[in-house]
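Trainee: I'd like a close look at one part of this model. Could you walk me through the sheet in one of its chains, slowly please?

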Protein chains: 2
Amino acid sequence: MTRIAIDAMGGDHAPAEIVAGALWAAQDYGVGLDLVGKEDEIKAEIEKIRKAGGIYSDCGNRGRQRKIKIDVDNIDYMITHASEVIEMGEAVGQAIRKKKDSSIVKAVKSVADGTSDGIVAAGSTGAAMAASLFGLGRLKGITRPAIAVTLPTVEKPIILIDGGANSDATAQMLKQFAIMGATYSKHVLEIDNPRVGVMNIGEEVEKGNPLAKEAHKLLEEDSENINFVGNIEGKEIFLSKCDVVVCDGFVGNVALKVTEGASSMLFYLLQQELKSDILGMIIGLLAKPFMRRVYKRINYEEFGGCLLLGVRGISVIAHGRSRAYAIKNAVRVANEAVQRGVNSKISEFIEG
Amino acid sequence: MTRIAIDAMGGDHAPAEIVAGALWAAQDYGVGLDLVGKEDEIKAEIEKIRKAGGIYSDCGNRGRQRKIKIDVDNIDYMITHASEVIEMGEAVGQAIRKKKDSSIVKAVKSVADGTSDGIVAAGSTGAAMAASLFGLGRLKGITRPAIAVTLPTVEKPIILIDGGANSDATAQMLKQFAIMGATYSKHVLEIDNPRVGVMNIGEEVEKGNPLAKEAHKLLEEDSENINFVGNIEGKEIFLSKCDVVVCDGFVGNVALKVTEGASSMLFYLLQQELKSDILGMIIGLLAKPFMRRVYKRINYEEFGGCLLLGVRGISVIAHGRSRAYAIKNAVRVANEAVQRGVNSKISEFIEG
């Protein structure tokens, strides 16, 4: 049985929503859990869920909460006590070294020692990355792990890699990101021969900064192994012009956060306009279910979490704001990555 | 009288929409025009407008076209014949040197020789930048000109600089962008003591790539002259957390195009959902005026064009897709920049 280690203490809504989401996922996907964190708090949360017979969630549609039945006694979980927590904003390197009994370090250890097959963490992204990298090590041939993010488009979602692990990168690293992203796209998202593009500011080969130009060249040279479709501009990523878009973590993180910010702004402005008169308010009420469906299509909670690709183990980083529904989906992502053997596929690719 | 030179041949809808928008602006803002391009084509467009007594435009709201009366005989315009056109995708440097009789080169010349006070161009952005830089030269103390873009937010619009002129930049250049952006914000947008931020991937000082970190340091050191508010993340730019956000042209261009792409995707998904059943279609019809108002608030046509700051003259680069309404607003932007003496204010700032 696949077992997923959960940093039960990480995230804005830990431990309640983390434990709830993990149990929900365990029941839905038939995975086992290693819940890592303060034992008494985790036990208390489980007890609450057992008593209530389930949890409440809006299922990511911003709507009314509905009850999800959870039969705790049929779930295969263990608890690993960890007395410390790495807080948001702590100096990551130091915290990882000093807080050996922190939930994130011990959750990674659960994977490293073979107890679990993957980890899900919603706390400090920096801490999760560092703990995964130090605790699991890199895959052979990979210079730096990178964050693979699922981005909504007008058609099916695509993968953006790197979403923020490496704010500085080389072209060779971008090529590795391409390989990791394409492997994930093919084996987990089941995209046949995924199209890979380099994020750039124009279609032409000579466009862009030195990094983008060199990455373009490297990927073009390896067209036997990579289905390279050239430069992808910022607006094209939403038009499904490729399946994997590659960039350094600085550009990737800006792109992700701009997407989030622009989307929130649009929803806000539309709500504001609809509140401007009575007719608008009525239309706003009627339009709500439709807007919810749009929201659901672009909502990070649906995608659950980002995979840190390139480490020797499956590590899923969830949004700090994650509630149960997002955590459930993050566990799904981790489970799928484990089932499909993403890491061994990457290794096969790299080692030819 | 202020006179604006117009590259009448540049853009997807040239010359008809360019000439129409220029005349509209001339009438509304009382500026003179130097229409540069193929004389017979420009004359034919003007004749059409004279006969019709005006033009038709949707005024940027995607709605029905309405007639705008234009009294051609009361407009102060001249025509400068240019036999060539630089097409999209031409190798810019070469084209600028070879096509001396192109509309963009001659429109810039109209500013350089004092005939006009500023230029508006909707053709190839690369050609407009290169022609402006070579034809007008740099302001003293400015290493590289940069594109200042007006970005919508939940409150008032902010300036992003650089929007794509320099895909590679140094921290010193970013500091100059900050100065130029703040000057524009203060003197044209009338923002008192504009808040300047550096685009980054986290709030903390130690976050980001070397460029962002060094720019942070430089701007912090000059807090006497620059109202520096620190790092700004991609989603925060839409929350009006600063008035000017500084980045290199690669990151800036990605951010702009992602904004455009994410917004278009959202509108598309909402329309798609509303088309899914009869009730949705009715709600969609009723919601149209509200959606149009949102669209208007984020529509590039409202902002008209981007200023290329740092050259010795006012140069406004309009979107290649610009129709009359966008061109009219681009001329407004050029006129305001001329009236407020943006360039002399920048020089005063730089020279202390």
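**The sheet of chain B**

Mentor: Let's start with a single pair: G118(B) stands opposite I314(B) in β13(B). Before we go on, this is a predicted model, where local features need pLDDT of at least 70 and side-chain atom pairs count only at pLDDT 80 or more, while totals for chains, interfaces and linings use all residues. Residues are numbered from 1 along each chain as its sequence is written, and chains are lettered from A and ligands numbered from 1 in the order in which they are written.

Back to our pair. Strand β6 (residues 118-121) and strand β13 (residues 314-318) of chain B run parallel and are joined by four bridges. Strands here are DSSP runs of E, at least two residues long, and helices are runs of H or I, at least four, both numbered from the N terminus. Two strands pair if DSSP finds at least two bridges between them.

Now zoom out. In chain B, 11 strands make an open sheet with mixed pairing, in the order β5-β2-β1-β6-β13-β12-β7-β8-β11-β9-β10. At its edges sit β5 (77-81) and β10 (227-232) of chain B, each pairing on one side only. On average, neighbouring strands of this sheet are turned by 25° against each other, direction ignored. For such angles, axes are lines fitted to C-alpha atoms (for helices, over the stretch in contact), and angles run from 0 to 180 degrees between N-to-C directions.

There's a helix to look at too: α2 (residues 39-52) of chain B packs on the sheet, touching β2 (32-37) and β5 of chain B. Contact means that two residues' C-beta atoms, placed from the backbone, lie within 7 Å. The direction of α2 makes about 150° with that of β5(B).
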